[in-house]
Amino acid sequence: MNPRIGMRFPPKPQIFGVLNITSDSFSDGGRYLDPDLAFQKALSLVQEGADVVDIGAQSSNVEAGWVEPETEWERMKEIILELKNRKITVSVDTFKPYVIEKALQAGVDFINNIRAFTDAESGEILRKFPSSRTKYVVMYSHNHGDKAKQDSPLSRDTVLREIVSFFRERKKTLEGWDVAPERIVYDPGMGFFLSPDPMVSFSVLSSVTELLSEFPGLMVSVTRKSFLGNALGGIPVEERDIPTAICELSLWLRNVPMIRTHSPSKLLQAIRTWKLSNGEDS
């Protein structure tokens with residue numbers, strides 16, 4: 001490859017493919033409750049180009065219902081074991097201490113926690129696994145709760161400051177639990193996790209380079225989220241793939257190292273198209 005061109009483009013991000021084993025996820029709830037369908041979906045995400053399969057069995061959208069921890073783990077455990085047997089990198093999307101512990105015992109590669117391990121019980125569990133190599137995704141949300149909520153005090157002017165403050169506190173706390181800095185991944189939330197005002201999310205996207213300067217282990221998930229639909233006149237979930245791909249392309253161009261998406265293939269197509277359009281022909 002031409003060295004000049006090689007320096008023009010960021011490296012390919014680590015892609016987290018979303019697998020929702022839920023009845024009420026906003027995008028694909030109910031499609032993959034059958035274990036065989038869920039496993040085939042996991043394999044298809046890898047075939048599309050996902051580096052990590054991010055498995056969630058408890059939805060976190062505004063209207064999500066509660067799933068008992070035992071049921072949540074039961075939905076995903078066999079899939080996790082089979083993926084691990086195939087040397088596929090696995091992330092578990094959960095905030096429940098019971099499931100966190102089971103996932104750590106299973107040796108998953110990431111735990112993606114929308115509550116950012118802010119509860120005492122989860123902290124105790126992490127301290128029980130001091131030699132674990134699992135990476136921990138700490139996500140910001142305005143309410144630090146079990147699901148997104150529409151009421152939010154955040155504005156375009158305050159959101160970045162609040163996220164940075166939260167990430168600094170989480171970093172200090174997790175390092176106090178003997179979690180090495182390189183094992184902490186930072187997720188700024190997005191959508192209703194920030195505010196019903198879509199411009200709050202877009203203000204974070206436009207400031208992502210500032211976040212990266214202090215938190216280089218950044219993962220961002222914009223995939224099909226509400227703020228995209230609301231900003232474009234209320235378009236439904238099934239029409240959000242183009243806005244999603246454009247936002248994800250922007251994240252890649254700004255060197256965001258991890259992107260979580262429903263459609264790894266569309267992200268990779270966007271990256272390839274951008275490269276071809278800017279002179280790369282190999």
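Two strands are taken to pair if DSSP finds at least two bridges between them, and by this criterion β1 and β2, which run parallel, are joined by five bridges. The legends below describe a predicted model.

**Figure 1. Overall view of the predicted model, a protein with 11 helices and eight strands.** The C-alpha atoms fill a box of roughly 50 × 45 × 40 Å, taken along the principal axes. A compact globule with 282 residues would have a radius of gyration near 19 Å, and the 18 Å of the protein agrees with this. Of the 282 residues, 54% count as buried, and the accessible surface comes to about 12,600 Å², of which 50% belongs to carbon and sulfur atoms. Among the contacts with a separation of 6 or more, 71% are accounted for by residues 24 or more positions apart.

**Figure 2. The open sheet of eight strands, with parallel pairing.** The strand order is β6-β5-β4-β3-β2-β1-β8-β7, and the edge strands, β6 (184-187) and β7, each pair on one side only. Strand β1 (residues 14-20) is joined by four bridges to strand β8 (residues 258-261), the two running parallel, and in this part of the sheet Gln14 stands opposite Met258 of β8. Elsewhere in the sheet, four bridges join strand β4 (residues 110-113) to β5, again in parallel, with Ile111 opposite Tyr136 of β5. In strand β5 (residues 135-139), four of the five residues are buried, so this strand is largely enclosed by the rest of the structure.

**Figure 3. Close-up of strand β2 (residues 52-56) and the strands to which it is joined.** Five of the five residues of β2 are buried, so the strand is largely enclosed by the rest of the structure. The cover extends to both faces, with Val52, Asp54 and Gly56 buried on one side and Val53 and Ile55 buried on the other. Five bridges join β2 to β1 in parallel, and Leu19 stands opposite Ile55 of β2. Another five bridges join β2 to strand β3 (residues 89-93), which also runs parallel to it, and here the bridge partner of Ile55 is Val92.

**Figure 4. The nonpolar cores, with the members of the largest core that touch the most other members.** The largest nonpolar core has 71 residues, of which Ile55, Met76, Leu83, Phe167, Leu194, Leu211 and Val220 touch the most other members. Helix α6 (residues 159-176) gives the most to this core, with seven residues. A second, separate core of seven residues includes Val52, Val137, Val185 and Met219. Leaving aside residues up to four places away in sequence, Leu194 touches Tyr140, His142, Ser152, Leu154, Val159, Ile163, Pro188, Val200, Ser201 and Val204.

**Figure 5. Close-up of Ala42 in helix α2 (residues 35-48).** With a relative accessible area of 0%, Ala42 is buried. Not counting residues up to four places away in sequence, Ala42 touches Leu19, Val53 and Leu83; of these, Leu19 stands opposite Ile55 in β2, Val53 is one of the buried residues of β2, and Leu83 is among the residues of the largest nonpolar core that touch the most other members. Ala42 and Glu121, 79 residues apart in sequence, are 30 Å apart in space, C-alpha to C-alpha.

**Figure 6. Close-up of Phe193 in the loop between β6 and α7.** Phe193 has a relative accessible area of 8% and is therefore buried, the limit being under 20%. Beyond residues up to four places away in sequence, Phe193 touches Ser60, Ile114, Met139, Tyr140, Ser141, His142, Lys147, Ala148 and Lys225; Tyr140 and His142 are also among the residues that Leu194 touches. Between Phe193 and Leu267, which are 74 residues apart in sequence, the distance in space is 23 Å, C-alpha to C-alpha.

**Figure 7. Close-up of helix α7 (residues 198-206), with its buried residues and its N-terminal cap.** Pro198, Val200, Ser201, Ser203, Val204 and Leu205 are buried in this helix. The buried residues of α7 pack against α6, α8 (208-214), β7 (219-220), α9 (226-231) and α10 (241-253). At the N-terminal end of α7 the cap is Asp197, a side-chain oxygen of which lies 2.9 Å from the backbone nitrogen of Met199. Val200, Ser201 and Val204 are among the residues that Leu194 touches.

How values were computed
Residues are numbered from 1 along each chain as its sequence is written. This is a predicted model: local features need pLDDT of at least 70, side-chain atom pairs count only at pLDDT 80 or more; totals for chains, interfaces and linings use all residues. Side-chain values use heavy atoms; hydrogens and water are left out. Buried means under 20% relative accessible area, exposed over 50%, partly exposed in between (1.4 Å probe, protein chains only). Contact means heavy atoms within 4.5 Å. A nonpolar core is a set of buried Ala, Val, Leu, Ile, Met, Phe, Trp, Tyr and Cys residues joined through side-chain atoms within 4.5 Å. A polar contact is a pair of N or O atoms within 3.5 Å; within protein, one must be able to donate a hydrogen and the other to accept it, and residues adjacent in sequence count only if both atoms are side-chain atoms. The radius of gyration is taken over C-alpha atoms; the globule rule is 2.2 Å times the number of residues to the power 0.38. Accessible areas come from the Shrake-Rupley method with a 1.4 Å probe; for residues, only the protein chains shown count as cover.
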